[in-house]
Amino acid sequence: MAEQTVKTKKAPLFHIVGRGRGQLPAYLAWGIRVGAFLLALLLNAAFVYLVVQVDPLTFYQTMLKGAFGEGYLWATVKGAAKLLCIAVALAPAFKMRFWNIGAEGQVLVGGIAAAIIMFYCTNLPPVVIILLMAVCSIIAGGLWGLLPAVFKAKMDANETLFTLMMNYIAMNLVNYFYYLWRGPKTALGKINQTTHRGWLSSLWEERDANGFLVQQEESLFTNSDFWFVAIIIVITVLMFFYLKYTKQGYEIAVVGESRNTARYAGISVNKVMLRTMIISGAVCGLCGFLVVSSQSNTISTSMAGGYGFTAIIVAWLSKFNTFTMAGVSVLIVALEKGAAQMANQYGSIGFSPAAADVMIGIMLLLIVGSEFFIHYKVAFRKKTKEVAAV
Amino acid sequence: MDTQNKIAVSFRGVTKTFGSVYANRDVTMEIHKGEILSLLGENGSGKTTLMNMLSGIYCPDAGEIYLDGKQVTIRSPQDAHALGIGMIHQHFKLVDVFTAAENVLLGVKGREILNVAEATEKINTICRTYGFEIDPSMKVYDMTVSQKQTLEIVKALYRGANILILDEPTAVLTPQETDKLFSVLREMRKDGKTVIIITHKLHEVLAVSDRVAILRKGEYVDTVETATANEQILTELMVGQKVELNIERPAPENPVLRLQVEHLTVKGHEGETVLEDVSFDAYGGEILGIAGISGCGQKELLESIAGLQHVEAGSKVLYDAPDGTKEDLIGKDPKKIKELGVALSFVPEDRLGMGLVGGMGMVGNMQLRNYTMRKSILAEIKHSKELAEQIREELGVVTPSLNTPVRRLSGGNVQKVLVGREIASAPAVLMTAYAVRGLDIGASYTIYHLLNKQKAKGVAVIFVGEDLDVLVALCDRIMVLCDGKVNGIVDGRTATKEEIGYLMTNLKTEGGESNG
């Protein structure tokens, strides 16, 4: 009989228990996170040893070198800054529970807008060009973000799909301009290669009577990369301030938590949604401008480098705190660069770029997975009970 | 029968924790065969958790459960069914688009092809035996709350339940429906079934049960024979101290007309009428109660006044300001209403989903009403901090810090934060919906006291309630809603529960007549 079978059952080996109202103390929560990180390092070491028989010490030395070593550090910093910029742009949208996964496209249209100015308005003074590029990028990105929000507000269109699809439109817009401007050449190359019009460096470069560049003393202030990183840090600080201390930031938080509460408090949900998506898209657009004017000086579909998607992970892991985002961005880009270095160094003995991606995957899985154990615990069957149940 | 055979269920040292909170601690108690046992306790005393362990939803952290003297491990609701345990939850687990019979068959193991005819026959037999009235071919979405509950009970019996657990079964029923339920439960007892009802309503406990088991803060206190108990004794066992059970009702002092609702009509999403031609006045200095079975327009009524509901043309909500001016609130959103200087406070039914921001602390929730106070782009925070501190002190809100998300506070504390904030804005009209739902006795009385204080200040208090005992004890006038229409306004001092219960379910043919 059914009753009989039930009685012989043991208690389950383990079950998941919510931690309930009592939150885990901060040191334990961080303990779990650090533990997950160490476990990920261990697993990765094992994985690498299995694939290419490189011992863990050499392996991590290579990783560290690729991420922070001489000649590699700036690449990591710049990459992290770009990732951070996009994550910061996503912060207000995500805090509002508006799933903007169109950052990639918003960065691209920002880049296109900047490049169009760069390409067609070459007769303006350098400062004017740069400013015009920035403004147009911000407008383009803002509009690209606004459009899905309008449809969401008017017809409750699903913003996740909408923003995702907008990415592909943006990518093909980039392709369009790329082939338009490339003409019969084999590649587009840098725009304004000789005049440097629209390049951030044109702001401080000096030219002699013949139009040749005058050799300048190297300093931080005449370094495009420095300004790229510095501007992004400023944006990060401003966004933190905006979300935490302003009326608009407060409204975003309320709308994100509960639309009904927002209505109850007299906050216009649609207005906040439209405004916030303009801001989110605008910061992405600004990122596109920064990349085009200070990094690539040209356009390509890899301008955002997939960071529009990676930034989603960054924003989530940081719980939308822009300063935490900085740390997470560095971590992820360092991993990426370290893994790339592995693929570079051990590619000949079988460590492919795909293996590098596996490493990053293991790392992210454990870091994201550790959050589960901060909110839940696993209760195992007690020994004594097991005896009693048998 | 020897004592061993009399015991249906026994808990031995059952403990269940959620994080660091003990939901149940070392509970040892017994439930007899063929009795109606009331499980009594305040909210958060662990009644439901204990029963969830019996019905396989939770697994105890420690302790054992014995059924008919044999130890059992109940790993899932399926196990519970197999052991003859059925639980009717507070929130029904029914599929709306299925018929009664289909819902009963859902999840029952058997042949691949459903034999609905056979099931229908069996359902009818069960109904005849215990006196249920249910049509097996009726769709769930056409059922009243009471019918859905009946269906849940039939479902449990169909699966062969010998032990039936009902979680707060009367919370959603009118007095008449409650009586009907109780007579069914008595029939089941006659048939030898064991019935456990989880409740915190004392008069029902006394009316229906044989014995009362009391839990307090997750611990088992005692079991008493109902025959020897009274409300005072049970309350003291439940709360752990002496409690004054009388609600004050001072006479209104020079009531002033404050709010005139005229011909208010609201239509739902599918064009169905939710409120029809509702007209009434609310006076400063009195508490106007609003009674009605749940979902017959109370929510829409309050939200219409607060500017959160789309209403039909012809509806009027006139606010009579203390300075003598009149303002129609219809067509204005909450922001506009506030800008007009209308002192309207609203404690909505959905506290964390509408009145408060669950993820924010007390300070953040105070900001909800104040954040625009500063002229600059910055959100106001200083005043909100002071207000949060003040409410914490005056109302005794228990919270680890002013920034602890209010979602993590207990129901009573959440309500204190909300009511405290709404009262702090010195309202002329204070609307509350189910202000004490889910609150323990102490917290409930704090709220009644606060409402009375507002009444004494000359505030027009509108109190939407569900507990008729409280309505007739607290309110000066009670308006009864039935199917979205005003079905009478009665004097709270003379009206009886039965009278109100009748008005709640039997619509007068010629419509509501105001006699208040």
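Is B:Asn413 buried or exposed? B:Asn413 is buried, because its relative accessible area is 9%, and the cut-off for buried is under 20%. Keep in mind as you read that this is a predicted model.

**Two buried residues in chain B**

Let's stay with B:Asn413 for a moment. You will find B:Asn413 in helix α15 of chain B, which covers residues 411–424. Leaving aside residues up to four places away in sequence, B:Asn413 touches B:Gly396, B:Val397 and B:Val398. With one of these there is a polar link: the B:Asn413 side chain comes to 3.0 Å from the backbone nitrogen of B:Val398.

Now look at B:Tyr319, which sits in strand β14 of chain B, residues 316–320. B:Tyr319 counts as buried, with a relative accessibility of 3%. Not counting residues up to four places away in sequence, the residues that B:Tyr319 touches include B:Arg258, B:Leu259, B:Val342, B:Ala343 and B:Val429. A polar atom of the B:Tyr319 side chain lies 3.5 Å from the backbone nitrogen of B:Ala343. You can also trace the distance from B:Tyr319 to B:Ile305: 14 residues separate them in sequence, and their C-alpha atoms are 9.5 Å apart in space.

**Chain A and its helix α7**

Chain A contains 15 helices and two strands. Its C-alpha atoms fill a box of roughly 95 × 60 × 40 Å along the principal axes. Of the 390 residues in chain A, 48% are buried. Take the contacts in chain A between residues at least 6 apart in sequence: 76% of these join residues at least 24 apart.

One helix to follow is α7 of chain A, residues 159–182. At 1.5 Å a residue, its 24 residues should span 34 Å, and the end C-alpha atoms are 34 Å apart, so the two values agree. At the start of α7(A), a side-chain oxygen of A:Asn158 comes within 2.7 Å of the backbone nitrogen of A:Thr160. Just after α7(A), A:Gly183 has a positive phi of about 60 degrees.

Which residues of α7(A) are buried? They are A:Glu159, A:Thr163, A:Met166, A:Asn167, A:Ala170, A:Val174, A:Phe177 and A:Trp181. A general rule helps in reading such a list: an α-helix has 3.6 residues a turn, so residues three or four places apart point the same way. The cover over the buried residues of α7(A) includes α5 (103–120), α6 (126–155) and α12 (307–317) of chain A.

**Where the chains meet**

Chain A and chain B bury about 3700 Å² between them, with 56% of that on carbon and sulfur atoms. The contact involves 38 residues from chain A and 50 residues from chain B. Between the two chains, 18 residue pairs are in polar contact. By class, the side of chain A that touches chain B has 14 nonpolar, ten polar and 14 charged residues. The largest share of that side, six residues, comes from α9(A).

How many salt bridges cross the interface of chain A and chain B? The rule finds one. B:Arg407 pairs with A:Glu257 in a salt bridge, and their closest N and O atoms are 3.0 Å apart.

Here are some of the atom-to-atom distances from this report side by side.

| Residue | Partner | Distance |
|---|---|---|
| B:Asn413, side chain | B:Val398, backbone nitrogen | 3.0 Å |
| B:Tyr319, side-chain polar atom | B:Ala343, backbone nitrogen | 3.5 Å |
| A:Asn158, side-chain oxygen | A:Thr160, backbone nitrogen | within 2.7 Å |
| B:Arg407, closest N atom | A:Glu257, closest O atom | 3.0 Å |

Key. Residues numbered from 1 in each chain as written. Chains lettered and ligands numbered in written order. Predicted model: local features only at pLDDT ≥ 70, side-chain atom pairs only at ≥ 80, totals over all residues. Heavy atoms only, no water. Helix = DSSP H or I, 4+ residues; strand = E, 2+ residues; numbered from the N terminus. Expected span 1.5 Å × (residues − 1). Buried < 20%, exposed > 50% of the residue type's maximum accessible area, 1.4 Å probe, protein only. Contact = heavy atoms within 4.5 Å. Polar contact = N/O pair within 3.5 Å; in protein donor to acceptor, adjacent residues only side chain to side chain. Buried area = accessible area lost by both parts, 1.4 Å probe. Salt bridge = Lys/Arg side-chain N within 4 Å of Asp/Glu carboxyl O. Nonpolar A, V, L, I, M, F, W, Y, C, P; charged D, E, K, R; others polar.
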